[in-house]
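Please open the model in your viewer and keep the selection panel at hand, since each stop on this tour begins with something to select.

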Amino acid sequence: MTRVDLTSTLMTAGRVQDWLLTDGLRILLTLVLAVVVRWLLHRLISRAVTTMTAKSDVRDSQGRDRSLPGRLFAEASATARARHQQRTATLGSLLRSTVTFVVGLIAVLTVMDLVGIPLGPLLASAGVGGVALGFGAQSLVKDFLSGIFMILEDQYGVGDVIDTGEAIGTVEEVSLRVTRLRDADGVTWYVRNGEIIRIGNLSQHRATAIVDVPVAYDEDVARVTSVIREAAAAMAGEEAWDGRLLDTPKVAGIESISGQTMTLRVLAEASPGDKIDIQRELRQRIKSALDVAGVKAPPVNPFGGPRP
């Protein structure tokens, strides 16, 4: 090896050593710092999710509704706890993904600047591309934002029966972009969160079962009301309906009078999933009780409607 080659090699090795001790060390520190910051933020998010779940459990135990049966309260608390855990877990996953993306992007841009790559043209191109992507993906951004607020506000969860305006069914899956539900006919609907204008949740808290009882116009209202109350009280006293029928059904009074027909309305507080069953059972019991008491049904004309 000639003296010139040796000198060139030593100069190259010196430059590499200088780069490693300056820019190389900065790049290494940047990567290590990015990993540490990401780990700390992920740990902070996980701790926040755990704290939120624990506080929710404490509020549920302290805010127990003494008017509800114990079994019903236990089921409602378990459902609410599962939904809260699902909501906080989804938000935690979203925050962790966002943190990873932001920290990684900052680390990559910092390394590029240390290497000597000009960031001005790159950022300008990214800005133009971001504007174009924003115009083209408006609906996607809208879906994600709607999904985030839907989860934050706990508008509905898996297992709830909801009315989205386009479809009514049981929620099977909730994501940030799409809600999947299945209607009574077994059809699976995929509804974009950004397209949901209003939500009717038929499964939260309690439902009201309404039963209208038509009788003849000339029947004694007090007598008919007494018969209906006895049938309703007997149903409410049975163990099979404990936790499903939340209170003794009440006779609200005369709902309407049309021709020779007088209609009395019965209201019953029910757990949301048992509303239909309670309506059917209540109709059957009231009908049997009215038959035994000899209460006359309203006359019907040959065309199938009430007699004028």
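A pocket, in the sense used here, is an open set of points on a 1 Å grid where a 1.4 Å probe fits, with protein on both sides within 12 Å along at least five of seven lines, and its lining residues have an atom within 4 Å of a point. The model you are looking at is predicted.

**First stop: a pocket.** Select Val213, Pro214, Ile286, Lys287 and Leu290, which lie nearest the centre of the second largest pocket, a space lined by 14 residues. Strand 6 (207–216) and helix 6 (275–293) are the elements that each give two or more residues to this lining. The volume of the second largest pocket is about 190 Å³, and its lining divides by class into nine nonpolar and five charged residues, with no polar ones.

**Second stop: the sheet.** Now select strands 6, 7 and 8, which form an open sheet in the order 6-8-7 with antiparallel pairing. Strand 6 and strand 7 are the edge strands, each pairing on one side only, and the twist from one strand to the next averages 25 degrees. Strand 7 and strand 8 (residues 261–270) are joined in the antiparallel sense over seven bridges; to look at one pairing in detail, select Ile254 together with its bridge partner in strand 8, Leu264.

**Third stop: salt bridges.** The count for the model comes to 13 salt bridges. Begin with Arg285 and Glu238, whose closest N and O atoms are 2.8 Å apart. This pair links distant parts of the chain, 47 residues apart, with Arg285 in helix 6 and Glu238 in the loop between helix 5 (221–236) and strand 7 (250–258). Glu238 is partly exposed, at 31% relative accessibility.

Move next to Arg223 and Glu219, whose side chains meet in a salt bridge at 3.2 Å, N to O. Is each partner buried or partly exposed? Arg223 has a relative accessibility of 33% and therefore counts as partly exposed, whereas Glu219, with a relative accessible area of 12%, is buried, because the cut-off for that class is under 20%.

Then select Arg192 and Glu195, which form a salt bridge with their closest N and O atoms 3.3 Å apart. Arg192 is partly exposed at 29% relative accessible area, and Glu195, at 45% relative accessibility, is partly exposed too.

**Last stop: a network.** Finally, select Glu172, Glu173, Arg180 and Arg182 together, as these residues are linked in a network of salt bridges.

Notes: Residues are numbered from 1 along each chain as its sequence is written. This is a predicted model: local features need pLDDT of at least 70, side-chain atom pairs count only at pLDDT 80 or more; totals for chains, interfaces and linings use all residues. Side-chain values use heavy atoms; hydrogens and water are left out. Grid points are joined across faces, edges and corners, and a volume is the space filled by probe spheres set on the points. Helices (H or I, at least four residues) and strands (E, at least two) are DSSP runs, numbered from the N terminus. Ala, Val, Leu, Ile, Met, Phe, Trp, Tyr, Cys and Pro count as nonpolar, Asp, Glu, Lys and Arg as charged, and the others, Gly among them, as polar. A salt bridge is a side-chain nitrogen of Lys or Arg within 4 Å of a carboxyl oxygen of Asp or Glu. Buried means under 20% relative accessible area, exposed over 50%, partly exposed in between (1.4 Å probe, protein chains only). Two strands pair if DSSP finds at least two bridges between them. Axes are lines fitted to C-alpha atoms, for helices over the stretch in contact, and angles run from 0 to 180 degrees between N-to-C directions.
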